[in-house]
Amino acid sequence: ALTLPVQVAMILHGVTQLFANGFRAWFLRDRIFGAGLVWYAIGSTLAFALFTWLALVVATPVLFLLLGAIPLALSLLPRDFAPQFDKRPAAVACGALVTAAHLLVGVSGPLLDVFFVRAELDRFEVIATKAVTQTAGHALKILYFGWLVPSAPLEHELPLWLYPALVACAYLGTKVG
């Protein structure tokens, strides 16, 4: 985001993370907590619809402020505040908030973690389910910044060969990890 327009940076990051999380979800597909994902999708769809209607792209300085503010705000939450992803209302809220974070600042990991800290899922279910939510979030981010909001000037287009290289790196990194 320091050297590219926000839209281009979001797409570049989105492609990388879409495949890294997508491969992780695929490798652990038998451990995905599907019931929570249904409710997550409802919240995510609502947030995506709102952002599509607003067609909001934050300026680079605002992006950096929000990137710092989100983890700071989360650190101020009371220790016993931990909505559980395996409960319907929390999964809906998680979908809405995590998707909003993806579309505002491009990342949502620390926010997503809040919903899984006390969920009654084993570690592989947590990893697999979070991978699915992140895959979906990055796909929505690519759709949003690539087609639904005004695009960045063409002089900032990245070479097409970069994307397959990122996919290969995401696969190898995920497999090794």
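**Exercise 1. The second largest pocket**

Which residues line the second largest pocket? Work out which elements contribute to the lining and what kinds of residue it holds.

*Solution.*
Step 1. Keep in mind that this is a predicted model.
Step 2. List the lining: Pro71, Leu74, Ser75, Leu77, Pro78, Arg79, Phe81, Ala82, Pro110, Val114 and Val117.
Step 3. Assign elements. Helix 3 and helix 5 are the elements that give two or more residues to this lining. Helix 3 gives the most, with three residues.
Step 4. Sort by type. Nine lining residues are nonpolar, one is polar and one is charged.
Step 5. Add the volume. The second largest pocket holds about 180 Å³ of space.

**Exercise 2. Confidence**

State the mean pLDDT of the chain, and find where confidence is lowest and where it is highest.

*Solution.*
Step 1. Start with the whole chain. Its mean pLDDT is 91. Of its residues, 97% reach 70 or more.
Step 2. Turn to the elements. Helix 3, residues 60–75, has the lowest confidence, at a mean of 90. Helix 2 has the highest, at 97.
Step 3. Recall the reason for checking. Predicted coordinates should not be read in detail where pLDDT is low.

**Exercise 3. The largest nonpolar core**

Find the members of the largest nonpolar core that touch the most other members. Then say which helices supply the core.

*Solution.*
Step 1. The core has 17 residues. Phe85, Cys94, Val98, Leu111, Phe115 and Phe116 touch the most other members.
Step 2. Helix 2 (34–54), helix 4 (88–105) and helix 5 (109–114) each supply at least two residues of this core. Helix 4 gives the largest share, five residues.
Step 3. Zoom in on valine 98. Setting aside neighbours within four places in sequence, valine 98 is in contact with Tyr40, Ser108, Leu111, Leu112 and Gln134.
Step 4. Look for a separate core. Another one, of 13 residues, lies apart from the largest, and its members include Phe48, Phe51, Leu63 and Leu103.

**Exercise 4. Asparagine 21 and histidine 138**

Decide whether asparagine 21 is buried or exposed, and do likewise for histidine 138. Then compare their places in sequence and space.

*Solution.*
Step 1. Asparagine 21 sits in helix 1, residues 6–27. Histidine 138 belongs to helix 6, residues 123–148.
Step 2. Apply the cut-off: buried means under 20% relative accessible area. Asparagine 21 has 6% relative accessibility, so it counts as buried. Histidine 138 has 2%, so it is buried too.
Step 3. Check the separation. The two residues are 117 residues apart along the chain, yet their C-alpha atoms are separated by 9.0 Å.
Step 4. List contacts, leaving out residues up to four places away in sequence. Asparagine 21 touches Ala131, Gln134, Thr135 and His138. Histidine 138 touches His13, Gly14, Gln17, Leu18, Asn21, His102 and Gly106.

**Exercise 5. Threonine 174 and alanine 55**

Classify threonine 174 by accessibility. Do the same for alanine 55, and describe its phi.

*Solution.*
Step 1. Threonine 174 is in helix 7, residues 162–176. Its relative accessibility is 11%, so it counts as buried.
Step 2. Beyond its neighbours within four places in sequence, threonine 174 is in contact with Ala20, Phe23, Arg24 and Phe27.
Step 3. Alanine 55 lies in the loop between helix 2 and helix 3. Its relative accessible area is 34%, so it is partly exposed.
Step 4. Phi of alanine 55 is near 50°, a positive value in a residue other than glycine. Most residues other than glycine have a negative phi.

Key. Residues numbered from 1 in each chain as written. Predicted model: local features only at pLDDT ≥ 70, side-chain atom pairs only at ≥ 80, totals over all residues. Heavy atoms only, no water. Core = buried A, V, L, I, M, F, W, Y, C linked by side-chain atoms within 4.5 Å. Buried < 20%, exposed > 50% of the residue type's maximum accessible area, 1.4 Å probe, protein only. Helix = DSSP H or I, 4+ residues; strand = E, 2+ residues; numbered from the N terminus. Contact = heavy atoms within 4.5 Å. pLDDT = per-residue confidence, 0-100. 1 Å grid on protein atoms, 1.4 Å probe; cavity = no way out; pocket = protein on both sides within 12 Å on 5 of 7 lines; lining within 4 Å. Points joined across faces, edges and corners; volume = space filled by probe spheres on them. Nonpolar A, V, L, I, M, F, W, Y, C, P; charged D, E, K, R; others polar.
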